[in-house]
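Hello,

Here is the structure I promised to pass on. Please open it alongside this note; my findings follow below.

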Amino acid sequence: MLAYYLQGLMLGAAMILPLGPQNAFVMNQGIRRQYHLMVALLCALSDLVLICAGIFGGSALLAHSPWLLALVTWGGVGFLLWYGWGALRTAMSRDIALTHDEVMKQGRLRIITTMLAVTWLNPHVYLDTFVVLGSLGGQLEAEPKRWFAIGTVSASFLWFFGLAILAAWMAPRLRTVLAQRIINAAVGGVMIYIALRLAQDGVQHLARLMS
């Protein structure tokens, strides 16, 4: 069963490593040292739910609900544009130190809400967990399927906690004014780029639904 665990671990790592909304948010919270371990835990738990749902039968939901996927896609586009524009405004702010202090005053509830939106309003999460992992893991027998799922979940926990801890460790070097401008500009650019790609996919998806 070790082979199935390692297969799930490697596939999960390959899917989670590219920079996306979740990784950018975890990294930012780590740099701020603001509930970063809580955010990492919630991201990993969200992945656990999505991965298990995909591998153990949830992939059929997207296959039979194309309008649900369209709804999630456009909700994600709107949120990512809003979040990305906020990061770019912070990067261009004259007094970025003051802006950073205001961000640090965000309450736990707002951080949790943002994390949930970054995770659950990202259609790529459903495509990765329901379509890719669901199609691969769903073909396995019961015991190998469990080990495959444990492997992919392990990749999420190791990555998110590693990213949060590493960002917090490097925080003194990354909290300078110049570093904050670069990080916020990069995060904003990534968010808006992903939003535009999602919008392009959403238009094509709607065109197929309407045809």
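Start with tryptophan 147. Its relative accessible area is 33%, so it counts as partly exposed. The model is predicted, so please read every value here as computed from that prediction. Tryptophan 147 sits in helix H8, which covers residues 142-169. It also helps make a nonpolar surface patch of about 270 Å², together with Met1 and Ile150. A residue needs over 30% relative accessible area to join such a patch. At 33%, tryptophan 147 clears that cut-off, so partial exposure is enough here.

**Aromatic pairs**

How many aromatic pairs are there? The count comes to two. One of them joins tyrosine 5 and tryptophan 147. The geometry is edge-to-face: the centres are 6.5 Å apart, and the planes make an angle of 80 degrees. Tyrosine 5 belongs to helix H1 (residues 2-16) and tryptophan 147 to helix H8, so this pair ties together parts that lie 142 residues apart in sequence. Tyrosine 5 is partly exposed, because its relative accessible area is 21% and the buried class stops under 20%.

Phenylalanine 157 and phenylalanine 161 form another aromatic pair. This one is stacked, with 6.4 Å from centre to centre and 15 degrees between the planes. Both residues are in helix H8, four residues apart, so about one helical turn separates them. Phenylalanine 157 has a relative accessible area of 24%, which makes it partly exposed. Phenylalanine 161 is partly exposed too, at 25%.

**Serine 154**

Stay on helix H8 for a moment, since serine 154 is found there. Is serine 154 buried or exposed? It is buried, with a relative accessible area of 17%. The cut-off for buried is under 20%, so serine 154 falls inside it. What does serine 154 touch, once neighbours within four places in sequence are left aside? The contacts are Tyr5 and Leu9. Tyr5 therefore appears twice in this note: in contact with serine 154, and in the edge-to-face pair with tryptophan 147.

**Cysteines**

The structure holds zero disulfides. For reference, a disulfide is a covalent bond between the sulfur atoms of two cysteines. Two cysteines are worth a look in the viewer. Cysteine 43 is buried, at 1% relative accessible area. Cysteine 52 is partly exposed, at 25%.

**The loop between H2 and H3**

Helix H2 covers 21-32 and helix H3 covers 36-64, and arginine 33 is in the loop between them. Its phi is near 55 degrees. That is a positive value in a residue other than glycine. Arginine 33 has 45% relative accessibility and counts as partly exposed.

Tyrosine 35 is found in the loop between H2 and H3 as well. Its phi is also near 55 degrees, again positive in a residue that is not glycine. Tyrosine 35 counts as partly exposed, at 34% relative accessibility.

**A glycine pair**

Glycine 57 is in helix H3. How far is glycine 57 from glycine 134, in sequence and in space? They are 77 residues apart in sequence, and their C-alpha atoms are 7.0 Å apart. Glycine 57 is partly exposed, with a relative accessible area of 45%.

**The chain as a whole**

The protein chain has 10 helices and zero strands. From the N terminus on, the elements run α-α-α-α-α-α-α-α-α-α. The chain has 211 residues, and 44% of them count as buried. It exposes about 11000 Å², with carbon and sulfur atoms supplying 70% of that area.

Now the contacts between residues at least 6 apart in sequence. Of these, 89% join residues at least 24 apart. The pair of tyrosine 5 and tryptophan 147 is one concrete link across the sequence, at 142 residues apart.

If you have only a few minutes, look at tryptophan 147 first. It is part of the patch with Met1 and Ile150, and it pairs with tyrosine 5.

Best wishes

Technical notes
Residues are numbered from 1 along each chain as its sequence is written. This is a predicted model: local features need pLDDT of at least 70, side-chain atom pairs count only at pLDDT 80 or more; totals for chains, interfaces and linings use all residues. Side-chain values use heavy atoms; hydrogens and water are left out. Patches are made of residues with over 30% relative accessible area and no salt bridge: like charges are joined within 9 Å, nonpolar side chains (Val, Leu, Ile, Met, Phe, Trp, Tyr) within 5 Å. Accessible areas come from the Shrake-Rupley method with a 1.4 Å probe; for residues, only the protein chains shown count as cover. A salt bridge is a side-chain nitrogen of Lys or Arg within 4 Å of a carboxyl oxygen of Asp or Glu. Helices (H or I, at least four residues) and strands (E, at least two) are DSSP runs, numbered from the N terminus. Buried means under 20% relative accessible area, exposed over 50%, partly exposed in between (1.4 Å probe, protein chains only). A disulfide is a pair of cysteine sulfur atoms within 2.5 Å. Rings of Phe, Tyr and Trp (its six-membered ring) pair if their centres lie within 6.5 Å; planes under 30 degrees apart count as stacked, over 60 as edge-to-face and the rest as tilted. Contact means heavy atoms within 4.5 Å.
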